[in-house]
Amino acid sequence: MATRVEDFSRQAALQAPVTSHRLPVQQNPSLNSEQRQQQQQQQQQQRRQQPSFGICFDVDGVLLNGTVPIPAAAKAIGRLLGEDGQLRVPINFVTNSLNRPTDRADQLSRVLGIQVSKQQIIQAPSPLSVFARIQDKFCLVVGQDNVLEIAADLGFKRTCTVEEVAVAYPLLDMVDHDNRRKISKFGYEEKPLQRIEAIVLMGEPKRWESALQIIVDLLRTDGQPRKDNEIVSVVKQLPVIACNMDLQFKDRALSPRFGHGAFLVCLEALYKKLTGDDLQYTSLVGKPSEITFRFAEHVLTKESQRMGHTDPIKTMYLVGDTPEVDIAGCNLYQRYIDRLRQSRHRDGNGNDIGNRSASNGKMRMEDGTLPGCRSVPDDAEFSAQTVERVVALLVCTGVYLPRPEQDREEEGDLRPVHGHRDFPSCAQLNEPARVCRDVEDAVEYILESENFEC
């Protein structure tokens with residue numbers, strides 16, 4: 001169970017000594033100088049052993065505000081470097097943003113003063129790289145800028161954009177008055193376009209109103225919104241995958257800005273209003289989804305192996321700035337791990353043998369209690385699941401702003417819910433293990449907790 005959120009305004013609480021999870025070598029005053037020196041060397045060796053933990057860093061509000069580096073960011077990463085200037089601890093960057101991984105890696109390399117690889121970048125759609133079944137479908141991909149390039153890099157083979165659908169079916173986008181006048185003056189002609197088989201919402205589009213209209217049209221016509229087609233009242237809904245459920249994100253404006261989650265709220269409300277049915281998601285990826293945190297553990301394990309470490313990762317830390325996204329995601333993943341550990345089958349010798357897929361005999365983990373949209377795909381190829389403890393650290397440099405405890409208690413259940421509708425909403429899920437001043441403070445806490453010296 002997560003500990004109570006600490007009030008950042010009480011500096012003494014943040015500066016309280018932390019309890020190590022590894023017992024240091026005890027000092028014995030009766031030892032002579034040579035024995036004390038040996039003891040100190042033993043203690044130092046213990047602190048310099050391979051780490052059994054890894055760290056996931058959020059980006060916006062933790063390392064950057066928009067494109068402006070947060071001053072503590074480079075210092076925090078510097079605490080994780082050894083004498084050779086190389087990282088001693090496996091890390092990755094888990095963000096709900098949407099960029100080309102190479103661009104984000106280059107940006108963080110400049111800001112943090114280390115070499116960040118694109119394999120360390122986990123963005124909202126990154127887990128889709130293991131969604132083999134959806135990658136072969138003809139998909140509408142929604143987002144901005146290099147969205148089709150990003151989709152191709154993830155393994156999607158046949159894609160199109162909202163703009164291409166609008167060109168193929170000119171009568172759809174009537175919220176565009178320029179399009180209205182063009183059709184009124186010159187007429188229109190529909191162009192052949194293959195049936196849309198799935199919709200992948202990677203990020204908010206530039207023109208929400210046009211995208212909302214076209215997406216709803218596709219959902220109500222089974223992916224074929226021709227003029228001669230009919231609205232189908234009873235139809236199996238097209239698969240819809242949404243990446244990034246953040247209602248808001250922190251930039252440089254006076255308050256957080258609308259995120260992709262706000263676009264999803266609009267889409268869900270319009271679909272419900274027009275059809276009477278709830279929009280059903282095939283998968284929800286990006287924080288706080290359990291799928292994304294499982295993928296983050298997989299990436300941490302790969303990074304640890306690349307560094308030459310052989311010990312498994314037992315503790316995964318995440319440093320974030322949004323309680324309903326970063327912190328809730330950590331706590332949901334802890335629940336996921338706990339359920340898996342309880343449900344694993346054991347052989348006659350009591351050995352853990354996991355759940356085996358009948359189709360290929362490979363080890364895989366299942367959690368039947370999760371709704372389908374939050375379940376890890378059964379064909380996903382992941383490293384072994386080894387993390388036992390997930391620790392959420394909340395910083396005060398982004399979306400979260402500390403408030404006096406009295407205000408929080410008086411606010412109670414009246415506080416608006418910012419999380420996505422398909423995730424549980426309870427105050428306990430949003431409680432971090434610790435509130436930290438900034439990312440440097442968080443890293444200091446981690447190293448002290450792990451009794452680890454870089």
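## Exercises on a predicted model

Helices α11 and α12 (residues 323–343) pack with their axes 9 Å apart, at an angle of about 80°. The model is a predicted one.

**Exercise 1.** Classify the packing of α11 and α12: which residues make the contact, and are the helices roughly parallel or roughly perpendicular?

*Solution.*
- Take the angle: about 80° between α11 and α12.
- Apply the cut-off: 65 to 115 degrees counts as roughly perpendicular.
- The two helices are therefore roughly perpendicular to each other.
- Now list the contact. α11 contributes Glu290, Phe293, Arg294 and Glu297. α12 contributes Asp326, Gly329, Cys330, Leu332, Tyr333 and Tyr336.

**Exercise 2.** Lay out the sheet: what is the strand order, and which strands are at the edges?

*Solution.*
- Read the order: β5-β4-β1-β13-β16-β17. These six strands form an open sheet with parallel pairing.
- Find the edges. β5 (121–122) and β17 each pair on one side only.
- Check one pairing. β16 (residues 389–395) and β17 run parallel and are joined by three bridges.
- Pick a residue pair: Leu394 has Val435 of β17 as its bridge partner.
- Add the helices. α11 (residues 290–306) packs on the sheet and touches β1 (53–57), β4 (91–94), β5 and β13 (315–320). Its direction makes about 150° with that of β4.
- α14 lies across β1, β13, β16 and β17. Its angle to β13 is about 165°.

**Exercise 3.** Place Asp438: where is this residue, is it buried or exposed, and what does it touch?

*Solution.*
- Locate the residue. Asp438 is in the loop between β17 (434–436) and α14 (439–450).
- Check the accessibility. Asp438 has a relative accessible area of 12%. Buried means under 20%, so Asp438 is buried.
- Look for a polar partner. A polar atom of the Asp438 side chain lies 3.0 Å from the backbone nitrogen of Asp441.
- List the contacts beyond four places in sequence: Asp438 touches Ala72, Val395 and Thr397.

**Exercise 4.** Judge the confidence: what is the average pLDDT, and where does pLDDT stay under 50?

*Solution.*
- Start with the whole protein. The average pLDDT is 85, and 81% of the residues score at least 70.
- Residues 1–26 have a pLDDT below 50. In the model this stretch has 66 contacts beyond near neighbours in sequence.
- Over residues 346–365 pLDDT also stays under 50. Here the model has 27 contacts beyond four places in sequence.
- Draw the conclusion. Where pLDDT is low, the predicted coordinates should not be read in detail.

Key:
Residues numbered from 1 in each chain as written. Heavy atoms only, no water. Helix = DSSP H or I, 4+ residues; strand = E, 2+ residues; numbered from the N terminus. Buried < 20%, exposed > 50% of the residue type's maximum accessible area, 1.4 Å probe, protein only. Polar contact = N/O pair within 3.5 Å; in protein donor to acceptor, adjacent residues only side chain to side chain. Contact = heavy atoms within 4.5 Å. pLDDT = per-residue confidence, 0-100. Pairing = 2+ DSSP bridges. Axes fitted to C-alpha atoms, helices over the stretch in contact; angles between N-to-C directions. Parallel < 35°, antiparallel > 145°, perpendicular 65-115°, else oblique.
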